[in-house]
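Biologist: Please take a close look at one part of this model, the covalent cross-link and the strands around it. I would like a connected account, with the computed values kept beside each statement.

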Amino acid sequence: MDTIDAILQLPQRKLIIAQSDVLLDAPAKNEIFIMMVEESRGSAGGRAAGGGHRKIVKIYGFSCENGCSKAFESDDQQKIEQFDIPYSAVAMDIKLSSGQPYVVQGVIDPDLIASYKAVVAGNLK
């Protein structure tokens, strides 16, 4: 369950933040963070009239180069609150390790990734 493919395919809503295009079937260097979203009852998938709340309940960080290895994992709300949440996420086409195309909600943002890496470095001391 700790592989990036398994986490990406979980049915739970998630946001993907990557340094570059997510092509897990290629030996490309990439940094990928996955924010797992808990939606309360009444949360309306982004429609303005929706009540309820969305909350990040877990964050995974992966470092990729000839495969991806998990570099960070936390469900500690104090740590999670240090991560900026990208509200501009859109449907994003990615490729899983098998080459299978897959669509996720996410954003490619090298600046966000740099800020996340700084948060992780601060949390690992």
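**The disulfide and the sheet**

Modeller: Cys64 and Cys68 form a disulfide, with 2.0 Å between their sulfur atoms, and it should be kept in mind throughout that this is a predicted model. The structure holds 1 disulfide, and the link of Cys64 and Cys68 is right-handed, with 110° about the S-S bond. The two cysteines fall into separate exposure classes: Cys64 counts as buried because its relative accessibility is 4%, under the 20% limit, whereas Cys68 is placed among the partly exposed residues because its value is 29%, which lies between 20% and 50%.

The number 68 also opens the range of strand S4 (68-74), which is an edge strand of the sheet, as is strand S5 (90-95), each of them pairing on one side only. The sheet itself is open and has 6 strands in the order S4-S3-S2-S1-S6-S5, with mixed pairing, and its neighbouring strands are turned against each other by 40° on average, with direction ignored. As a general point, the strands of a sheet pair through backbone hydrogen bonds, and may do so in a parallel or an antiparallel manner.

At the S5 end of that order, S5 and strand S6 (residues 101-108) run antiparallel and are joined by 6 bridges, and within this pair Val90 stands opposite Gly106 of S6. The hairpin of S5 and S6 has 5 residues between the strands, and there Gly99 takes a positive phi near 95°. S6 is also joined to strand S1 (residues 14-18), here by 4 bridges and with the strands running parallel. Gly106 appears again in this pairing, as the bridge partner of Ile16, after having stood opposite Val90.

S1 also holds Lys14, which is buried because its relative accessibility is 9%, under the 20% limit. A polar atom of the Lys14 side chain lies 2.6 Å from the backbone oxygen of Leu10, and a polar atom of that side chain is 3.3 Å from the backbone oxygen of Leu8. Apart from residues up to four places away in sequence, Lys14 touches Ile7, Leu8, Ile34, Met35, Met36, Val37 and Gln105.

Beside S1 in the strand order comes S2, and strand S2 (residues 30-39) is the place of Glu31. Glu31 is a second charged-type side chain to examine with care, and it is classed as buried because its relative accessible area is 10%, again under 20%. The side chain of Glu31 makes a polar contact of 3.3 Å with the side chain of Ser63. With neighbours within four places in sequence left aside, Glu31 is in contact with Ile17, Ala18, Gln19, Phe62, Ser63, Ile113 and Lys117.

Helix H3 (residues 110-123) contains Ala118, which counts as partly exposed because its relative accessibility is 49%, under the limit of 50% above which a residue is called exposed. Ala118 is 35 residues from Phe83 in sequence, while their C-alpha atoms are 9.8 Å apart in space.

To return to the part you asked about, the disulfide joins Cys64, which is buried, to Cys68, which is partly exposed.

How values were computed: Residues numbered from 1 in each chain as written. Predicted model: local features only at pLDDT ≥ 70, side-chain atom pairs only at ≥ 80, totals over all residues. Heavy atoms only, no water. Pairing = 2+ DSSP bridges. Helix = DSSP H or I, 4+ residues; strand = E, 2+ residues; numbered from the N terminus. Axes fitted to C-alpha atoms, helices over the stretch in contact; angles between N-to-C directions. Buried < 20%, exposed > 50% of the residue type's maximum accessible area, 1.4 Å probe, protein only. Polar contact = N/O pair within 3.5 Å; in protein donor to acceptor, adjacent residues only side chain to side chain. Contact = heavy atoms within 4.5 Å. Disulfide = S-S within 2.5 Å.
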